[in-house]
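Welcome to a short set of exercises with worked solutions. Please have a look at the sequence and the structure, and try each task before you read on.

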Amino acid sequence: MALVVGTVGVVFGVLALVVAVSLLGRVRRSEGRVRPSEEGLPSDVLGLRQEVAALRAEGAQAMRHLAVVRYDAFGDMGGHLSWSLALLDDRGSGLLLTSIHGRGETRTYAKTVLDWSCDQQVSPEEEEALSAARPAA
């Protein structure tokens, strides 16, 4: 029994050694080549600056400024189950979501925000969410 276990161990050891040597050879052969993730990237400084500028322009349109304000919409309710959420991009465009929780029902409202302001009337909690989402100058 011990002889069989020892033989199996030696066979697995030899297989592991063959796989390791094969992988080492592949790594050495591929060291001089460009990796697939680097293909298509410019190699000059001007090209890299243009790539960064394009990424910044794309990122400016992402809705990345957000704030949530939780509150009690009615005096007899507790737990801050109502909320207002401002979700905006770098120019202050995006949306304002509000959910008013009452005893018998919950209502949700959506408002469009352009240039950090809303054309529709906003509640003090919605105004607080808009202010909190705005980045410090």
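**Exercise 1. A salt bridge and its exposure**

Which side chain meets that of Arg-107 in a salt bridge? Say also how exposed each partner is.

*Solution.* Keep in mind throughout that this is a predicted model.

Step 1. The partner of Arg-107 is Glu-105, with 3.1 Å from N to O.

Step 2. Next, the accessibility. Arg-107 has a relative accessibility of 46%, so this residue counts as partly exposed. Glu-105 is at 47% and therefore counts as partly exposed as well.

Step 3. The structure holds four salt bridges, and another of them joins Asp-89 to Arg-91, with the closest N and O atoms 3.5 Å apart. Here Asp-89 counts as buried because its relative accessibility is 5%, whereas Arg-91, at 52%, counts as exposed.

**Exercise 2. A buried charged pair**

With which residue does Lys-111 form a salt bridge? Work out where the two partners lie and what else surrounds the acidic one.

*Solution.*

Step 1. Lys-111 forms a salt bridge with Glu-126, and the closest N and O atoms are 2.9 Å apart. This pair links distant parts of the chain, as Lys-111 belongs to strand 4 and Glu-126 to helix 3, 15 residues apart.

Step 2. Are the partners buried or exposed? Both Lys-111 and Glu-126 are buried. For Glu-126 the relative accessibility is 4%, which is why this residue counts as buried; the cut-off for buried is under 20%.

Step 3. Look at the polar contacts of the Glu-126 side chain. One joins it to the side chain of Thr-98 at 2.6 Å, and another joins it to the side chain of Lys-111 at 2.9 Å.

Step 4. Now list the wider surroundings. Leaving out residues up to four places away in sequence, Glu-126 touches Ser-84, Leu-96, Thr-98, Lys-111 and Gln-121.

**Exercise 3. The two sides of helix 3**

Which residues of helix 3 are buried? Decide how they are arranged around the axis and what covers them.

*Solution.*

Step 1. The buried residues of helix 3 are Glu-126, Ala-129, Leu-130 and Ala-133. They span an arc of only 100° around the axis, so they sit on the same side of helix 3.

Step 2. The spacing has a general background: an α-helix has 3.6 residues a turn, so residues three or four places apart point the same way.

Step 3. Turn to the other side of helix 3, where Pro-124 and Ala-132 are exposed.

Step 4. The cover over the buried residues of helix 3 includes strand 1, strand 2, strand 3 and strand 4.

**Exercise 4. The two faces of strand 1**

Which residues of strand 1 form its covered face, and which its uncovered one? Then follow the strand to its pairing partner.

*Solution.*

Step 1. His-65, Ala-67, Val-69 and Tyr-71 make up the covered face, while Leu-66, Val-68 and Arg-70 make up the uncovered one. In a regular strand the side chains alternate between the two faces of the sheet.

Step 2. Take Ala-67 as an example from the covered face. Ala-67 has a relative accessible area of 8% and is therefore buried. Apart from neighbours within four places in sequence, Ala-67 is in contact with Ser-84, Leu-85, Ala-86, Ala-129, Ala-132 and Ala-133. The C-alpha atoms of Ala-67 and Leu-85 are 5.7 Å apart, although 18 residues separate the two along the chain.

Step 3. Strand 1 pairs with strand 2 in the antiparallel sense, over seven bridges. Within this pairing, Tyr-71 has Ser-82 of strand 2 as its bridge partner.

**Exercise 5. The nonpolar core**

How many residues make up the largest nonpolar core? Name them, and find the elements that supply two or more.

*Solution.*

Step 1. There are 11 residues in all: Ala-67, Val-69, Tyr-71, Ala-86, Leu-88, Leu-96, Val-113, Trp-116, Ala-129, Leu-130 and Ala-133.

Step 2. Two or more of these residues come from each of strand 1, strand 2 and helix 3.

Step 3. Pick Val-113 to see some of the packing. Not counting residues up to four places away in sequence, Val-113 touches Leu-88, Gly-92, Ser-93, Gly-94, Leu-95, Leu-96 and Leu-130.

Step 4. As a general point, nonpolar side chains in soluble globular proteins tend to be buried together.

Note on methods: Residues numbered from 1 in each chain as written. Predicted model: local features only at pLDDT ≥ 70, side-chain atom pairs only at ≥ 80, totals over all residues. Heavy atoms only, no water. Core = buried A, V, L, I, M, F, W, Y, C linked by side-chain atoms within 4.5 Å. Buried < 20%, exposed > 50% of the residue type's maximum accessible area, 1.4 Å probe, protein only. Helix = DSSP H or I, 4+ residues; strand = E, 2+ residues; numbered from the N terminus. Contact = heavy atoms within 4.5 Å. Polar contact = N/O pair within 3.5 Å; in protein donor to acceptor, adjacent residues only side chain to side chain. Arc of directions from axis to C-beta. Pairing = 2+ DSSP bridges.
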